[in-house]
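Work through the exercises below with the sequence and the 3D view at hand. Try each task before reading its solution.

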Amino acid sequence: MSEDIAIVGIGCLFPKANRLEDYWRNILAATDCISDVPEDHSWSVDEHYAQGTNVPDKTWCTRGGFLDGVPFDPMEWGIQPNHLENIDTSQLLALITAREALRDAGIDPESNDGWDRDRVACILGCTGTQEM
């Protein structure tokens with residue numbers, strides 16, 4: 001049995017683009033979204049960088065694609081704040097992205113009205129080095 005699939009909504013989080021509109025604007029403007037490691041990032045250039053490609057356990061670059069701060073209210077999702085340290089950041093970002101994909105499709109994820117939960121799914125793609 002074959003069923004048709006339609007992609008009707010997209011949500012995304014990319015460097016310099018916390019919204020789909022910003023993502024497309026960056027593409028059309030040929031915006032370079034690669035930057036130096038932000039000062040407040042947990043990845044330390046001093047600790048992980050070494051000039052040259054043959055240094056074990058080091059990277060030879062100091063730039064990358066970094067997300068801007070993404071506001072997250074755990075209580076909005078029914079998550080106790082003291083549980084956040086046990087949840088991988090990519091899982092929290094996936095919640096936000098899936099919600100935005102549903103909204104982009106014209107679905108109110110907080111409502112059960114007008115959409116069949118058995119016929120709607122969010123497919124997530126995640127890249128990068130996550131917490132690194």
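The exercises below concern a predicted model, and each task is followed by a worked solution.

**Exercise 1. Length of a helix**

Task: Find what span the 16 residues of H3 should have, and compare it with the distance between the end C-alpha atoms.

Solution: Helix H3 covers residues 89-104. The expected span is 1.5 Å times one less than the number of residues. For the 16 residues of H3 this gives 22 Å, and the end C-alpha atoms are 23 Å apart, so the two values agree. After H3 comes Gly106, which has a positive phi, near 85 degrees.

**Exercise 2. A residue within the helix**

Task: Is Leu95 buried, partly exposed or exposed? Which residues does Leu95 touch, leaving out those up to four places away in sequence?

Solution: Start with the location: Leu95 belongs to helix H3. Next, take the relative accessible area of Leu95, which is 32%. Buried requires under 20% and exposed requires over 50%, so Leu95 is partly exposed. Several other residues of H3 are buried, among them Leu92, Ala94 and Ile96. Then look for contacts: Leu95 touches Phe72, Trp77 and Ile79, with residues up to four places away in sequence not counted. Finally, consider Asp73: 22 residues separate Asp73 from Leu95 in sequence, and their C-alpha atoms are 11 Å apart.

**Exercise 3. Cysteines and disulfides**

Task: How many disulfides does a search of the whole structure find? Why is Cys33 not bonded to Cys12?

Solution: The search finds zero disulfides. A disulfide needs two cysteine sulfur atoms within 2.5 Å. The cysteine sulfur closest to that of Cys33 is in Cys12, and because the distance is 11 Å, they are too far apart for a bond. Cys122 is in no disulfide either, as its nearest cysteine sulfur, that of Cys12, is 13 Å away. The surroundings can be checked as well: Cys33 has a relative accessible area of 17% and is therefore buried. Cys122, at 34%, is partly exposed.

**Exercise 4. The second largest pocket**

Task: Describe the volume and the lining of the second largest pocket.

Solution: Begin with the volume: the second largest pocket holds about 200 Å³ of space. Its lining has 13 residues, and the closest to the centre are Cys12, Asn18, Arg19, Leu20 and Glu100. Now sort the lining by class: seven residues are nonpolar, two are polar and four are charged. Last, assign helices: H1 (20-28) and H3 each supply at least two lining residues. H3 gives the most, with three residues.

Terms used: Residues numbered from 1 in each chain as written. Predicted model: local features only at pLDDT ≥ 70, side-chain atom pairs only at ≥ 80, totals over all residues. Heavy atoms only, no water. Helix = DSSP H or I, 4+ residues; strand = E, 2+ residues; numbered from the N terminus. Buried < 20%, exposed > 50% of the residue type's maximum accessible area, 1.4 Å probe, protein only. Contact = heavy atoms within 4.5 Å. 1 Å grid on protein atoms, 1.4 Å probe; cavity = no way out; pocket = protein on both sides within 12 Å on 5 of 7 lines; lining within 4 Å. Points joined across faces, edges and corners; volume = space filled by probe spheres on them. Nonpolar A, V, L, I, M, F, W, Y, C, P; charged D, E, K, R; others polar.
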